[in-house]
Number of protein chains: 2
Amino acid sequence: MPQRVLSAELPAHVGETVLLHGWVHRRRTLKTVSFLVLRDRAGLAQVVGADLDGHPEETAVAVTGRVVANEVAPGGAELVDAAVTALSPPAQPPPFDLYRPEVRAGLAVQLDAAPLAFRHPGRRAALAASAAAARGFRATLDALGFTEIFTPKLVAAATESGANLFGVDYFGRPAYLAQSPQFYKQLMVGVFERVYEVGPVFRAEPHDTGRHLAQYTSLDAELGFIADHRDVMRVVHAAIRGMVGEAGAPLAVGEEFPAVSFADALRIAHADPDEPDLAPADERAVGEWAMREHGSEFVFVTGYPLAKRPFYTAGGNSFDLLFRGMEIVTGGQRLHRYDDYVAALAGRGLPLEPYRSYVDAFRYGMPPHGGFAIGLERFVARLLGLGNVREATAFPRDRTRLEP
Amino acid sequence: MPQRVLSAELPAHVGETVLLHGWVHRRRTLKTVSFLVLRDRAGLAQVVGADLDGHPEETAVAVTGRVVANEVAPGGAELVDAAVTALSPPAQPPPFDLYRPEVRAGLAVQLDAAPLAFRHPGRRAALAASAAAARGFRATLDALGFTEIFTPKLVAAATESGANLFGVDYFGRPAYLAQSPQFYKQLMVGVFERVYEVGPVFRAEPHDTGRHLAQYTSLDAELGFIADHRDVMRVVHAAIRGMVGEAGAPLAVGEEFPAVSFADALRIAHADPDEPDLAPADERAVGEWAMREHGSEFVFVTGYPLAKRPFYTAGGNSFDLLFRGMEIVTGGQRLHRYDDYVAALAGRGLPLEPYRSYVDAFRYGMPPHGGFAIGLERFVARLLGLGNVREATAFPRDRTRLEP
């Protein structure tokens with residue numbers, strides 16, 4: 001048996017007999033010859049032989065044949081005199097055709113058959129971009145002296161707000177799924193100064209929108225010994241640049257992102273100056289402004305009113321990053337003194353007790369620090385122009401969807 | 001203000017005035033001079049000045065001074081004429097001294113104060129090794145053409161067994177925390193051929209042992225178009241080699257790991273030949289045998305009896321990898337035909353319905369495939385000779401521990 005090669009490697013093997021593994025992407029039979037398009041993890045390959053049509057689309061196959069140059073074949077080479085062996089029983093017809101340029105089915109139908117829908121090269125590209133973006137995030141932060149951490153997803157108290165918590169029966173006592181690694185990454189600043197985590201977070205979102213998921217992948221970072229939130233924003237810029245770069249998107253990320261104050265953002269969006277937050281339409285208006293005025297797909301909004309930010313926020317030193325008019329990053333400087341935490345909780349009418357083990361850590365010398373979180377699915381959806389975050393994750397979880 | 005440098009960089013700055021950031025690790029006052037050992041993310045630095053003892057241990061500080069060469073200082077350089085500024089209020093005394101060679105407190109006391117205990121350089125090293133091992137795992141698999149995936153942790157049915165499931169209230173209906181990404185990684189073989197995930201898994205372990213956690217980090221991989229489980233074992237070997245290499249452990253990983261059959265493993269351990277699984281003592285005996293006979297810290301045991309392996313296992317094509325006499329990896333070839341899944345579930349008396357969306361995917365052409373999972377905390381504990389997996393994770397979760 002010859003060595004397996006990938007579809008994309010065929011041009012380097014012209015004249016040789018090789019083995020391809022993959023799926024029957026498409027078959028076509030003419031009078032004297034049959035064609036088969038094979039799909040593997042690297043792409044598509046054209047296969048020509050005498051009798052190739054016995055295997056329905058999506059059957060997993062092994063194909064041996066001779067590689068010849070052919071200008072009109074994908075990559076400039078194809079397999080001829082091919083023999084095909086099925087590696088599993090003939091595939092049933094999928095609920096939608098995977099060989100068409102676009103999947104002709106609604107999103108709900110595709111999500112019901114997610115393991116199949118993502119075989120489509122176009123849809124697969126979104127998941128590949130997620131993997132690449134996560135790689136770019138990690139590589140950037142590794143190079144900046146950050147250490148990866150792994151924190152608990154089962155917690156005793158809410159980190160963000162009590163509103164959208166999933167309850168868990170934890171050996172007979174109540175626990176919750178972590179809405180973020182916020183407290184843990186702050187505590188770990190005391191150990192490593194600079195930490196990051198790539199992991200799932202959980203929000204029992206009651207709303208069914210195109211930008212919310214009940215579980216999403218959060219790219220979290222936190223760093224100590226900062227002057228203020230602008231030190232954090234510089235790391236955000238580096239991380240985004242690394243993510244865009246690895247994802248190979250045709251998108252210029254400038255030397256820095258423009259920034260506007262929250263008050264200016266409201267003015268740009270012609271919103272009520274007393275609004276405590278930006279509505280989605282406001283974010284779109286600010287995004288358009290950034291493109292118009294700065295030619296930037298990204299724009300920071302800084303200094304959100306404290307009332308709408310979590311209790312651990314240090315004064316007005318907060319920011320969001322909008323990407324094409326949607327918030328994909330939120331961050332800021334945090335409180336770092338024990339007394340400030342006690343006051344901040346009291347000021348919000350929150351009890352100290354559930355936060356005791358977190359707040360106590362600030363008695364032992366925590367430097368000024370801050371951090372941020374990037375929603376991976378939102379980032380990828382914006383990057384690829386997908387209308388719904390559910391297209392940027394293989395198996396989305398929402399109010400109605402728990403399978404597959 | 002001079003540029004900040006790290007403790008480890010001092011030797012490159014002799015003669016310069018620099019800024020250090022970090023924590024007061026230890027202070028010592030002699031008659032005319034005071035010493036201070038500063039700890040930052042890179043290590044320790046010796047600081048000498050006139051009046052440095054005003055800041056208790058663990059206070060976060062900024063220190064400016066002149067770098068001079070000093071053979072007896074860590075790294076061969078120290079800071080003199082130093083001025084210290086506290087960046088937060090004076091630290092309270094920690095519940096145990098962090099400047100001693102070992103933390104003098106029981107594990108439970110340390111875990112209660114985990115954010116502090118992991119500031120100790122020795123304990124911090126275990127978490128740094130975790131980060132390095134995960135990096136080595138990913139880099140190895142990236143180079144082998146694997147794609148990272150992010151799968152749901154909220155699921156409708158058990159993946160491994162119904163015994164140790166955490167129940168979640170999912171918008172009013174029952175759901176569970178995923179015990180593994182098993183089904184999802186298999187389904188994604190149909191998309192990317194080769195996939196991996198680094199993420200949390202959840203087991204409601206009723207036992208309080210030194211090798212079990214209620215949440216641990218699972219390094220999962222799955223690959224298609226394999227001949228049998230030995231193709232999977234080769235990837236395990238590469239991954240472990242990459243992990244040991246990145247963690248910088250003084251441990252030789254040979255060109256391949258020795259392997260024994262399950263029957264031979266029972267014989268080596270002098271166990272009853274009818275035993276369906278290896279007990280911890282048996283694993284230790286096999287580990288000692290591998291060191292004695294092959295000089296290897298690692299040994300594969302292959303062909304476990306099917307009764308003790310999950311229903312998706314393909315015949316006897318299963319394996320565990322023991323590291324210093326403890327199972328840290330489990331894997332094997334999986335079933336890949338729809339009919340085989342239906343038969344396997346029926347054979348175990350399991351209903352098909354909860355597994356429908358998983359099993360159905362095998363109607364659409366799945367190649368022969370297999371995979372494995374490495375427990376990160378167990379790996380690091382074995383690598384560093386830690387007696388308890390709780391020493392290899394910052395915030396362990398077990399039957400009694402939900403905080404910090």
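What percentage of the 404 residues of chain A count as buried? I started my notebook with that one, and the answer is 53%. A reminder to myself before going on: this is a predicted model.

**Entry 1: chain A overall**

I looked up the secondary structure and found ten helices and 16 strands in chain A. Along the principal axes, the C-alpha atoms of chain A fill a box of roughly 80 × 55 × 40 Å. I then checked the contacts in chain A with a separation of 6 or more, and 61% of them join residues 24 or more positions apart.

Chain A is split into domain 1, residues 7-86, and domain 2, residues 114-392. I looked up the C-alpha centres of these two domains of chain A, and they lie 45 Å apart.

**Entry 2: helix 10 of chain A**

Why is helix 10 of chain A described as largely enclosed by the rest of the structure? Eight of the nine residues in this stretch, 376-384, are buried, so the rest of the structure largely encloses the helix. For the bench list, the buried ones are A:Leu376, A:Glu377, A:Arg378, A:Phe379, A:Val380, A:Ala381, A:Arg382 and A:Leu383. I was pleased to have the names at hand, with A:Glu377, A:Arg378 and A:Arg382 among them.

Next I asked what covers these residues. The cover includes helix 3 (121-143) and helix 5 (229-247) of chain A. It also includes strand 11 (215-224), strand 14 (313-323), strand 15 (326-334) and strand 16 (369-375) of chain A. After helix 10 of chain A comes A:Gly385, with a positive phi near 70 degrees.

**Entry 3: the open sheet of chain B**

I turned to chain B and traced an open sheet of eight strands, ordered 6-10-11-16-15-14-13-12, with mixed pairing. Its edges are strand 6 (147-148) and strand 12 (259-261) of chain B, each of which pairs on one side only. At the strand 6 edge, I found two bridges to strand 10 (residues 194-202) of chain B, in the parallel sense. There B:Thr147 stands opposite B:Val195 of strand 10.

Helix 10 (residues 376-384) of chain B packs on this sheet and touches strands 11, 14, 15 and 16 of chain B. Its direction makes about 55 degrees with that of strand 16 of chain B.

I looked up burial here too: eight of the nine residues of helix 10 of chain B are buried. Among them are B:Leu376, B:Phe379 and B:Leu383. Besides the four strands, the buried residues pack against helix 3 (121-143) and helix 5 (229-247) of chain B. Just after this helix, B:Gly385 takes a positive phi of about 70 degrees.

**Entry 4: the barrel of chain B**

In what order do the strands of the closed barrel in chain B run? I read it as 1-2-3-5-4, five strands with mixed pairing. From one strand to the next, the twist averages 55 degrees. Strand 1 (residues 17-29) and strand 2 (residues 34-40) of chain B run antiparallel and are joined by six bridges. One pair I noted is B:Arg26 with its bridge partner B:Val37 in strand 2 of chain B.

**Entry 5: where the chains meet**

How many residues of chain B are in contact with chain A? I found 73, touching 73 residues of chain A. Helix 4 (residues 182-192) of chain B gives the most to the chain B side, with six residues. By class, that side has 41 nonpolar, 17 polar and 15 charged residues.

Note on methods
Residues numbered from 1 in each chain as written. Chains lettered and ligands numbered in written order. Predicted model: local features only at pLDDT ≥ 70, side-chain atom pairs only at ≥ 80, totals over all residues. Buried ≥ 20, exposed ≤ 12 C-beta atoms within 10 Å, placed from the backbone. Contact = placed C-beta atoms within 7 Å. Nonpolar A, V, L, I, M, F, W, Y, C, P; charged D, E, K, R; others polar. Pairing = 2+ DSSP bridges. Axes fitted to C-alpha atoms, helices over the stretch in contact; angles between N-to-C directions. Domains from an automatic or database assignment.
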